[in-house]
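Reader: Hello! I would love a close look at one part of this model, with some sense of how that part fits into the whole. Could you walk me through it?

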Amino acid sequence: MGDHHHGPATGVTRWLFTTNHKDIGTMYLWFSFAMFLLGGFFAMVIRAELFQPGMQLVEPAFFNQMTTLHGLIMVFGAIMPSFVGLANWLIPMMIGAPDMALPRMNNWSFWILPPAFLMLASTLFMEGGAPAFGWTFYAPLSTTYAAPSVTFFIFAIHILGVSSIMGSINIIATVMNMRAPGMTYMKMPLFVWTWLITAFLLVAVMPVLAGAVTMMLMDVHFGTSFFSAAGGGDPVLFQHIFWFFGHPEVYIIILPAFGVVSQIIPAFSRKPLFGYASMVYATASIAFLSFIVWAHHMYTVGMPVAGELFFMYATMLIAVPTGVKVFNWITTMWRGALSFETPMLFCIGFLVLFTLGGFTGLMLSIAPADFQYHDTYFVVAHFHYVMVAGAVFSMTAAVYFWLPKWCGRMYNESMGKAHFWISFIGFNITFFPQHFVGLAGMPRRIPDYALQFADFNMMSSIGAFIYGASQLLFLYNVIATIVAGKRVSDEKVWDGAEGLEWTVATPAPYHTFEEPPLVPKPAGTI
Amino acid sequence: MGRLFSGAALACLAPMAAAQNQVNMSPGVTDIGADIFGLHMLIMWICVVIGVAVFGVMFYSIYAHRKSKGHQASQFHESTKVEVAWTVVPFLILIAMAVPATSTLLEVYDNDEAELDILITGYQWKWKYEYLTDSGEPVSFFSNLATPQEEIYNTQEKGENYLLEVDEPLVIPVDTKVRFLITANDVIHSWWVPEIAVKRDAIPGFINEAWTRVNTVGLYRGQCTELCGAYHGFMPVEVHAVSREDFDAWLAAKRGAAVAQSELAKQTLSVDELMAQGKDIYDRSCIACHGAQGEGGIGNAIAGSPVVMGALPEHLAVVAKGVSGTAMQAFGAQLNDVELAAVLTYQRNAFGNNTGDVVQPGDVTGMKNG
């Protein structure tokens, strides 16, 4: 990259002071991968303890710290920043902009993340241990009954929220103001569309989360009783506030993944995306619905039956736009000229497994049935199908797809395919049996379990170790590509790829589109 | 031979309820549980059919439309007709699902006209059951995990009902509409027994309602299903559903025992009686935090403790009122005066403390009343 006439600074200051969207994107991606490994390590501790009935490796209190940090780090440290990294790299290149609209803020929104996670991880070494109340941190377990480290947790959440909001404002400003001439909204690549909608969701709900943790802080330190009935408050209020943030949050995670898949499937089908406009409308509908379904996480708290019915119907409706998306992707493949390079394999894996997660989501939306599913391993299986096979698989697909454009070198295809198959098999061995133990009655977040769940749990743990190990193969493949991969210089890299990012040189120069491009055949449409 | 067969069949069927490697929800032993199970299966099969159709199309495409086979990509990219169809058809399927779901939900919420009310209170980490009846001595008791620590820490072979067994189960009559009023004392818990199809959060300061009508005599097990702290995995629920006659007899016996306990509180007990009962209570309520030898753990050591060796009123205050900001709970509401006297006596004399103090129930009553 350094050979370009406006090359980057050298040494550590390049990374500390950079305002370049590609540098910042790279930092986001590496940071999120580091967090993915850390959160994955915690998952390995969980699965190792659950390998057999009985307490073997850790104490119950520490087990709860592991489940809590695993969730927090995967959601806030791994998945969200990885998609922000992708947005940084790709959005300016996809809309023909020279950089993000607010480059200095971009630097800041990245650099406050590492200290926040350092602080969160450091709670493990504090007296009383790390947060042990689950990633959903329900009061009063997270207030009156929490370890002192909860204050650091609250501070860390605040910083993550600030970072997310700044990142989102930047994306909105960029997409609204910096599109190349001719790049109308309905010509934008779908990845840009999904991120634009995601950014609005983030700006809407991160302050709600900030409000929730601030109320916790007041309850813990300043004698208020927001979440304590003894002082006139209500523990269920916490859940309403949390899930008013939390449900849009899961779409914040999955919408950019939809965007990625909508870029990659057409490329390897050599055919335009089917139903571009309906994809945009479906994404917007999902985003809208995400605001009015939050209490389906709370069917068992004892809501009035009218509330229960409203949230059940609204939740079931989500199946319609989500179904539209799945049908569109499959119709995109239909009568295409398909080839199955690693990014496409991960997208097909996404399509199958995410849809499975969607089916269990539909089952969970049925309130009376949810009384039996709620807080069991069935739910654990469900959200890992949508979060891991949904978000993580599509993120992995994205890395394989754009990596050659980023570094000008091609990854090792056989190793990539091996990574896919090991991940796919490991993932299913881990999470498919969790449907069974959940239906059979195993609650989630328990460090030890009754004997009839033993075989499936052992299977789950073995699958988890396989899936975990496959990520090291991924890491190796990416590093080997960057260091010594076969050089590619073709601008398009993939013969079916469409969009402005494929019109710049490979590897992408440090500065692209200093002059706005002429928008050629619009991506995704005619 | 016939008997042998039916015996074998029974032996096979009986454990099926909580069978090893069970893969599906259980319809359980209530009508509403059967309804929920039916709903679950209906929606699962609808999903399976849709899944087979959708993935069938996808896999056919993967098989037939390969570039490596020389398939040429066509360039179509929209069709209003199909797009409308696959928006409207799923919507109609959803309405078809919503109808039975709504009627089952309304049934779940029909808490009226219960014949028996039971107040369930979640504590870290045990359940308290209180039978709310119009007349007679109130019956209430705590239900603790009965699995010994040795099984949990793998020094002893695990029993069949590992982690699903309690010292004193909830007893309910069959063919009776039983209403549960569910609340909690500290954090949020959730009371769940899959086979009687009741799961409801226990929320401190609020009372939730749920109900069941069990059709079959039997023993049904469940667990707390809301993360409630370190020992969330160790607070099971055990429900014995018995015939009406057995239930009445059981309730009468419990009432008798409660009367006897309050009589006992007025008497002077022997040291041996106090020590024996004290050990029982210690092993049930104190051991998890304070250790089998009073050596401490999550809680302070009992052996040589300045509180235990010190003045009796302070010792009682700690046990009865707990220590706020720590894991030490208030046992005042969980143990009656006889039990408090016994456990205080035990702590003051066991583990080499040997203070020689004997605490009588009357002393506890006196100190409580100031």
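Reader: Which helices of chain A do the buried residues of α5(A) pack against?

Author: Happy to take you through it, with the reminder that this is a predicted model. The buried residues of α5(A) pack against four partners in chain A: α2 (21-49), α3 (60-95), α4 (103-111) and α6 (150-177).

Let us look at the helix itself. Helix α5 of chain A runs over residues 113-122, and its buried residues are A:L113, A:A116, A:F117 and A:L120. Around the axis they cover an arc of only 90 degrees, so these residues sit on the same side of α5(A). The spacing has a simple background: an α-helix has 3.6 residues a turn, so residues three or four places apart point the same way. On the face of α5(A) that is turned away from the buried side, you will find the exposed residues A:P115 and A:L118.

Now for the surroundings. Chain A holds 16 helices and 2 strands. Its radius of gyration is 23 Å, close to the 24 Å that the globule rule gives for 526 residues, so chain A is as compact as a globular protein of that length. The C-alpha trace of chain A spans about 65 × 50 × 45 Å along its principal axes. Of the 526 residues in this chain, 63% count as buried. If you like to think in contact maps, take the contacts in chain A with a separation of 6 or more: residues 24 or more positions apart account for 82% of them.

From there we can move on to the nonpolar interior. The largest nonpolar core has 249 residues, and those touching the most other members are A:V192, A:I264, A:C347, A:F350 and A:A397. Helix α14 (residues 377-407) of chain A gives the largest share of this core, with 23 residues. Domain 1 (26-57 + 81-110) and domain 2 (116-153 + 162-243) of chain B both contribute residues as well, so the core lies between them. Apart from this core there is another one, of 16 residues, including B:I281, B:C286, B:L335 and B:V343.

For a single residue to click on, try A:A397. Leaving aside neighbours within four places in sequence, A:A397 is in contact with A:V260, A:I264, A:P343, A:F346, A:C347 and A:F350.

One last stop is chain B, where the domain assignment also gives a domain 3 (265-368). The C-alpha centres of domain 1 and domain 3 of chain B lie 55 Å apart.

Technical notes: Residues are numbered from 1 along each chain as its sequence is written. Chains are lettered from A and ligands numbered from 1 in the order in which they are written. This is a predicted model: local features need pLDDT of at least 70, side-chain atom pairs count only at pLDDT 80 or more; totals for chains, interfaces and linings use all residues. The radius of gyration is taken over C-alpha atoms; the globule rule is 2.2 Å times the number of residues to the power 0.38. A residue is buried if 20 or more other C-beta atoms lie within 10 Å of its own, exposed if 12 or fewer, and partly exposed in between; C-beta atoms are placed from the backbone. Two residues are in contact if their C-beta atoms, placed from the backbone, lie within 7 Å. Domain bounds come from an automatic or database domain assignment. The arc is that of the directions from the helix axis to the C-beta atoms. A nonpolar core is a set of buried Ala, Val, Leu, Ile, Met, Phe, Trp, Tyr and Cys residues joined through C-beta atoms within 7 Å.
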